[in-house]
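Biologist: I am new to this structure and would like to learn how to read it. Could you walk me through a few of its features?

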Amino acid sequence: MEGASSGSGDDGDHQRQVSDNETEIEEPEFDVRDISIHEAVLKDKVRNETYRAAILQHQDEYIKDKVVVDARCGTGIFSIFCAQAGARRVYAVEATEIAVQAEKVMEANNLSERVIVLHGCMEDVEINEKVDVIVSDWMDQLLIYDYENLLGSILTARDRLLKPGGLIIPSRATLYIAPVTLPDRYSEKIDFWRNVYGIDMSAMVPWAIQDAYEDPCVETIKSENLLALPQVVKHVDCYTIRIQELESFTSRFNFQSLTRATFHGFAFWFDVEFSGPVTSPADSNAPPSQSSSNHPTGSGQKRKRDDSSEAIVLSTAPDKPPTHWEQMLVYLYHPIDVEQGQQIEGSVTLTPNQEDGPNVHIRLVYKSGDRSFVREAVMR
């Protein structure tokens, strides 16, 4: 009967032959729901091709014959890219059960001797040597806050394992914010209730607003949805930032509307840059200073970042090719009509919260014209 054929092996098929009066119920080795996450990132050509281009860009100077850590390796694609670029050894670190499959991926591609899969958290795995490169996809829609606090893990690995002058991929990042107008989406979700087959169901609108927009939404928008030019919320330099700087921060903004339209909410997105480490005329092999980073920038010598003028950039901006990250939107409960040139000013505060499950509290304080508002949301 179907599903009762014999079979075993390392390809994930764990069926065994059963008799006609026996039914086999198989339990998966890991949470199969996770495969959709890995499928999404592996199908993201912008992400994967940008990472591969960055690895090849730094191949000769930083990766060939060197030691690499791939943090939160997933299925191990970046580990394989580094091995193909000539890395002597790659430690592929993964906390979830997908590490078992990553090890089988290495076996299938004859890389088991050079790519060592370590099942565990970055802070806990044992690596008994310094490394030349740390590569990772640590970004989330709000850039530095993902459910595993991976950037914090990367910084811990940097301080514990990375050689002075080592490479971090990606190296720098910027989170942006901009006001947006999305009349079609608002009409589809909210205005629909005002006339349902000629029946006034406006009483449902408050519920519809709360249901649709209480939490941030991950959606794809276009550049024409922007009401103003974006502004920076946060810069991150992976060579120098301290873990304490990830705790909570506030950034002010002052936008000027480019057109007359309805202001429906705020959009967030990010860029990451794949540039080399800070260099100086001093010996790059000098021991690190006793600070939170092995790569301080506060010395009196002139320092520069290698090949920064040629740095490869991965962007999730609305005017760039789409990625699986899309953009994050915080919709206003009550949209505001604005005129061309009208100011939208205020501040955004991002605060991670681990008490009620990993999430990020977003607080937007803003005013436009003579009206002031506070909008709070939680990214879960």
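Biologist: Let me start with one residue: where is the place of glutamate 326?

Modeller: Glutamate 326 sits in the loop between strand S13 (312–315) and strand S14 (327–338). Please keep in mind that we are reading a predicted model.

Biologist: What is the phi of glutamate 326 near?

Modeller: First the general idea: most residues other than glycine have a negative phi. In glutamate 326, phi is near 55 degrees, a positive value in a residue other than glycine. With 26% relative accessibility, glutamate 326 counts as partly exposed, because that class lies between under 20% for buried and over 50% for exposed.

Biologist: Which loop holds arginine 72, and what is its phi?

Modeller: Arginine 72 lies in the loop between S1 and H4. Its phi is positive, about 50 degrees, although arginine 72 is not a glycine. Arginine 72 is partly exposed too, at a relative accessible area of 25%.

Biologist: Now the wider view. How many helices and strands does the protein chain have?

Modeller: The protein chain has 8 helices and 17 strands. Of its 380 residues, 47% are buried. Contacts can also be sorted by distance along the sequence: among those between residues at least 6 apart, 75% join residues at least 24 apart.

Biologist: How do I read a sheet? In what order do the 5 strands of the open parallel sheet come?

Modeller: Read the strands from one edge to the other. Here the order is S3-S2-S1-S4-S5, and the pairing is parallel. The edge strands are S3 (115–119) and S5 (162–169), each of which pairs on one side only. On average, and ignoring direction, neighbouring strands of this sheet are turned by 20 degrees against each other.

Biologist: Over how many bridges do S1 and S2 pair?

Modeller: Strand S1 (residues 67–71) and strand S2 (residues 89–94) pair in the parallel sense over 5 bridges. To find the spot in the model, look for valine 67, which stands opposite arginine 89 in S2. Helix H5 (residues 98–108) packs on this sheet and touches S2 and S3. The direction of H5 makes about 170 degrees with that of S3.

Biologist: Is strand S4 mostly covered or mostly uncovered?

Modeller: Mostly covered: in strand S4 (residues 131–136), 6 of the 6 residues are buried. S4 pairs with S1 in the parallel sense over 4 bridges, and there valine 69 stands opposite isoleucine 134 in S4. Another 4 bridges join S4 to S5, again running parallel. Along that pairing, valine 135 stands opposite isoleucine 169 in S5.

Biologist: What form does the peptide bond from isoleucine 169 to proline 170 take?

Modeller: The general idea is that most peptide bonds are trans. The bond from isoleucine 169 to proline 170 is cis, with omega near -10 degrees. Proline 170 lies in the loop between S5 and strand S6 (172–180).

Biologist: Let us turn to another sheet. Which strands stand at the edges of the sheet S9-S15-S16-S17?

Modeller: This is an open sheet of 4 strands in the order S9-S15-S16-S17, with antiparallel pairing. Strand S9 (249–256) and strand S17 (371–379) stand at the edges; each has a single partner strand, so one side of each is left without a neighbour in the sheet. The twist averages 15 degrees from one strand to the next. Strand S16 (residues 359–368) pairs with S17 in the antiparallel sense over 9 bridges. One place to look is arginine 363, whose bridge partner in S17 is glutamate 376.

Biologist: Finally, a pair of helices. At what angle do H2 and H4 pack?

Modeller: Helix H2 (residues 45–57) and helix H4 (residues 77–84) pack at an angle of about 30 degrees, with their axes 10 Å apart. Angles under 35 degrees count as roughly parallel, and H2 and H4 are therefore roughly parallel to each other. The crossing of H2 past H4 is right-handed.

Biologist: Which residues make the contact between H2 and H4?

Modeller: From H2 they are Arg47, Asn48, Tyr51, Arg52 and Ile55, and from H4 they are Ile77, Phe78, Phe81 and Cys82. Sorted by class, this contact has 6 nonpolar, 1 polar and 2 charged residues.

Methods:
Residues numbered from 1 in each chain as written. Predicted model: local features only at pLDDT ≥ 70, side-chain atom pairs only at ≥ 80, totals over all residues. Heavy atoms only, no water. Pairing = 2+ DSSP bridges. Helix = DSSP H or I, 4+ residues; strand = E, 2+ residues; numbered from the N terminus. Axes fitted to C-alpha atoms, helices over the stretch in contact; angles between N-to-C directions. Parallel < 35°, antiparallel > 145°, perpendicular 65-115°, else oblique. Left-handed = near helix turned anticlockwise from the far one by under 90°. Contact = heavy atoms within 4.5 Å. Nonpolar A, V, L, I, M, F, W, Y, C, P; charged D, E, K, R; others polar. Buried < 20%, exposed > 50% of the residue type's maximum accessible area, 1.4 Å probe, protein only.
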